[in-house]
Amino acid sequence: MLNKYARAFFTRVLTPFAALLLRLGVSPDAVTLVGTGGVLAGALAFYPRGEFFWGTVVITLFVFSDLVDGNMARQLGRSSRWGAFLDSTLDRVADAAIFGGLALWYAGGGHSLVLCAVTIFCLASGQIVSYTKARGEAIGLPVNVNGLVERAERLVISLVACGVSGLHKFGVPGIQVLLPIALWIVAAGSLVTMVQRVVTVRREAAEADAAAREGEGNPA
Ligand SMILES: CCCCCCCC/C=C\CCCCCCCC(=O)OC[C@H](COP(=O)(O)O[C@@H]1[C@H](O)[C@H](OP(=O)(O)O)[C@@H](O)[C@H](O)[C@H]1O)OC(=O)CCCCCCC/C=C\CCCCCCCC
Ligand SMILES: Nc1ccn([C@@H]2O[C@H](COP(=O)(O)O)[C@@H](O)[C@H]2O)c(=O)n1
Ligand SMILES: [Mg+2]
Ligand SMILES: [Mg+2]
């Protein structure tokens, strides 16, 4: 949903910045790599210590690089297969660091095995959601479904909740309850999305196989 409705807005806002980077001689791949490095550092340096506010500030500064790199490639007229591969692969790395950092907190100072498990579920299900689409497309299917909770939703829900929960350390009482609520929402939403995508791939695969059999003159 965000991908559909918010992308146009962010494209307009980030295009001048992407153009500036290009004028400075920065490449889209460099933005992809530096952005992922920043997310990784922010998530792993702050989240395992329960520093949710500052961790989220650092991650937010870098996560938008994911919208800038593609924008730069398109402005250059050089959107490449390698760039698509690098972008998607490093998305998985960034997501692993964000949810991994949170899981480490709950396994340690956060003292909650249940929330540690929920966070690991968010990490794993998010990766599977993305894999279902990538694998479906790799076997030649259109995978015409995005589902309830795509990556943008997973990130926005988790990061907003993390950042706001982090205000607890600045004396805002009771606010830290937001993070567990967000993690349960992301976990449930990712499960639904996984099912939506698997069902779509199953239908599209059956249709494609049936069409292929018909083409060979061998229906049923
Ligand atoms: C006082 C409070 C302090 C709070 C501190 C700061 C809080 C800041 C909070 C949040 C900011 C969150 C920003 C998150 C932005 C995420 C943007 C992003 O990276 O989106 C990526 C997404 C997908 O890009 P790709 O096409 O490159 O990736 C594909 C995708 O990963 C597929 O995965 P799948 O969907 O299948 O799971 C893969 O399959 C595919 O391989 C891969 O290529 O880009 C978009 O979707 C574009 C839309 C982005 C929309 C961003 C919206 C940000 C909105 C709001 C920010 C709100 C901040 C409000 C703070 C309020 C605090 C009170
Ligand atoms: N280093 C890169 C990064 C991305 N691309 C291209 O952009 C597409 C992704 O666009 P986003 O707006 O989601 O970043 C990707 O599929 C590539 O075509 C690139 O070429 N090089
Ligand atoms: Mg990108
Ligand atoms: Mg990306």
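This passage describes the overall fold of a protein chain, the surroundings of a bound ligand and a pair of metal ions, all taken from a predicted model.

The fold makes a friendly starting point. The protein chain contains nine helices and zero strands. Walking along the sequence therefore gives the pattern α-α-α-α-α-α-α-α-α, where helices and strands are both DSSP runs numbered from the N terminus. Taken along the principal axes, the C-alpha atoms fill a box of roughly 70 × 50 × 25 Å.

Attention can now turn to ligand 1, which sits in the largest pocket. Its shell is made up of 30 residues, and the closest of them are Ser88, Ser130, Arg151, Arg154 and Arg197. Sorted by character, the shell around ligand 1 holds 15 nonpolar, six polar and nine charged residues. Several helices share in building this shell: H1 (2-5), H2 (7-23), H4 (52-63), H5 (65-76), H6 (81-107), H7 (113-138) and H8 (151-165) each supply at least two residues. Helix H8 gives the most, with nine residues.

Some side chains come within a few ångströms of oxygen atoms of ligand 1. For Arg197, an N or O atom of the side chain is 2.8 Å from an oxygen atom of the ligand. The corresponding distance is 2.9 Å for the side chain of Ser130 and 3.0 Å for that of Asp91. Surface area adds to this picture: ligand 1 taken alone exposes 1,200 Å², and the protein buries 75% of that.

The metal ions come next. The magnesium ion that is ligand 3 has protein donors from three aspartates, namely Asp66 (O), Asp66 (OD), Asp69 (OD) and Asp87 (OD). These donors lie 2.0 to 2.3 Å from the ion. Asp66 thus appears twice in the list, once as O and once as OD. Along the sequence, the donor residues of this magnesium ion follow the spacing D-x2-D-x17-D. A second magnesium ion, ligand 4, is 3.5 Å from ligand 3, and Asp66 coordinates both ions. Because Asp66 lies in helix H5 and Asp87 in helix H6, the pair ties together parts that are 21 residues apart in sequence.

Helices H5 and H6 therefore turn up in both parts of the story: Asp66 lies in H5 and Asp87 in H6, while each of these helices also supplies at least two residues of the shell around ligand 1.

Key. Residues numbered from 1 in each chain as written. Chains lettered and ligands numbered in written order. Predicted model: local features only at pLDDT ≥ 70, side-chain atom pairs only at ≥ 80, totals over all residues. Heavy atoms only, no water. Near = heavy atom within 4 Å. Polar contact = N/O pair within 3.5 Å; in protein donor to acceptor, adjacent residues only side chain to side chain. Areas by Shrake-Rupley, 256 points an atom, 1.4 Å probe, with all protein chains shown as cover. 1 Å grid on protein atoms, 1.4 Å probe; cavity = no way out; pocket = protein on both sides within 12 Å on 5 of 7 lines; lining within 4 Å. Sits in = over half its atoms within 2 Å of the grid points. Helix = DSSP H or I, 4+ residues; strand = E, 2+ residues; numbered from the N terminus. Nonpolar A, V, L, I, M, F, W, Y, C, P; charged D, E, K, R; others polar. Donors = N, O, S within 2.8 Å, 3.2 Å for Na, K, Ca; no water.
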